[in-house]
Amino acid sequence: MADVVRPVKWLLNRVGDDGLELTSAGFLKPAIVAETMATLEWRDRWYGKFNRESQTLPVLDLRTQMQDWKLLRKSKGKLVRTPAGRKLHDDDHGLWQHLAANIALADGGAQAATNNVVIAWFVEERMPAREIRGELIAESLMMKGYRMPDHAPIPPETGLDLFREVRQQFDTLGIFERDPRIDGPPRTTPAGLKFLVEIQEQQRGSR
């Protein structure tokens, strides 16, 4: 559990009781961005100087996901903990359950449906080739009745965009092996696999 929730737990504790001052544009300050990349050992994930959150996608994704997961919020020019963030900042089990529940019980829609497809691919170790992922997600969504706003079929490009959004969400957690020598899709760690199964169980329990 500690491995999976480590990035979230670290930022909660870095925000601390007093919060973190944000830039005038509402981003984390450069020193915090650099510290996050170094502490979480994410330097091999991105490029550049790691000194602007708007240009350092791993940190931007982590911070925005934690806001979506109702652990952080912006208030009066600061990034601060929510009540849930204050309660769970040092509780690995509590964070594990909170994160799994938020992913499992995400508002319905195409993104939530894509979550289910991608989680199943990882759990069942049957990740399709890159060139057909978008097409398979589009087909799965249309079987569930989803269409584009103009009622046209969902194109593979949109399916691939949805896949990338799910991947970005999971990349903010410690669920994948990080070995630059491994080609192809990321592999889940044993703990990461248990976390994805936990999400599936919470989904089934909510039906």
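1. A definition to start with: angles under 35 degrees count as roughly parallel, over 145 as roughly antiparallel, 65 to 115 as roughly perpendicular, and the rest as oblique. Please keep in mind throughout that this is a predicted model. With that in hand, take helix α6 (residues 110–123) and helix α7 (residues 130–143), whose axes come within 10 Å and cross at roughly 125°. The two helices are therefore oblique to each other. The crossing of α6 past α7 is right-handed.

2. Which residues of α6 and α7 meet? On the α6 side they are A110, A113, T114, V117, V118 and W121, and on the α7 side R133, L136, I137, S140 and L141. Sorted by class, this contact has eight nonpolar, two polar and one charged residues.

3. T114 deserves a paragraph of its own. This residue is found in helix α6 and is buried, with a relative accessible area of 0%. Leaving out residues up to four places away in sequence, T114 touches I137, L141, L162, F163 and V166. For L141, the C-alpha atom is separated from that of T114 by 7.5 Å, with the two positions 27 residues apart along the chain.

4. Next comes the packing of α7 with α8 (156–171). How do these two helices cross? Their axes come within 7 Å, at an angle of roughly 95°. By the cut-offs in point 1, α7 and α8 are therefore roughly perpendicular to each other. From α7, the residues R133, G134, E135, I137, A138 and L141 take part, and they meet P156, G159, L160, L162 and F163 of α8. This contact has seven nonpolar, two polar and two charged residues.

5. It may help to view the two contacts side by side. R133, I137 and L141 of α7 appear in the list of residues that meet α6, and R133, I137 and L141 also appear in the list of those that meet α8. I137 and L141 are also among the residues that T114 touches, as are L162 and F163.

6. On to the aromatic residues: how many aromatic pairs does the structure hold? There are four. One of them joins W96 and F195 in an edge-to-face arrangement, 5.2 Å centre to centre and with 80° between the planes. This pair links distant parts of the chain, as W96 sits in helix α5 (residues 92–104) and F195 in helix α9 (residues 190–206), 99 residues apart. W96 counts as buried at 6% relative accessibility, and F195 is buried too, with a relative accessible area of 0%.

7. Another pair to look at is F122 with F176. Their ring centres are 5.1 Å apart and the planes stand at 45°, so the pair is tilted. Because F122 lies in helix α6 and F176 in the loop between α8 and α9, the pair ties together parts that are 54 residues apart in sequence. Is F122 buried or exposed? F122 counts as buried, at 6% relative accessibility. F176 likewise counts as buried, at 6% relative accessibility.

8. Finally, a look at T36, which has its place in helix α2 (residues 30–39). At 1% relative accessibility, T36 counts as buried. Which residues is T36 in contact with, leaving aside its neighbours within four places in sequence? They are W10, V59 and L62.

Notes:
Residues are numbered from 1 along each chain as its sequence is written. This is a predicted model: local features need pLDDT of at least 70, side-chain atom pairs count only at pLDDT 80 or more; totals for chains, interfaces and linings use all residues. Side-chain values use heavy atoms; hydrogens and water are left out. Axes are lines fitted to C-alpha atoms, for helices over the stretch in contact, and angles run from 0 to 180 degrees between N-to-C directions. Helices (H or I, at least four residues) and strands (E, at least two) are DSSP runs, numbered from the N terminus. A crossing is left-handed if the near helix is turned anticlockwise from the far one by less than a right angle, and right-handed if clockwise. Contact means heavy atoms within 4.5 Å. Ala, Val, Leu, Ile, Met, Phe, Trp, Tyr, Cys and Pro count as nonpolar, Asp, Glu, Lys and Arg as charged, and the others, Gly among them, as polar. Rings of Phe, Tyr and Trp (its six-membered ring) pair if their centres lie within 6.5 Å; planes under 30 degrees apart count as stacked, over 60 as edge-to-face and the rest as tilted. Buried means under 20% relative accessible area, exposed over 50%, partly exposed in between (1.4 Å probe, protein chains only).
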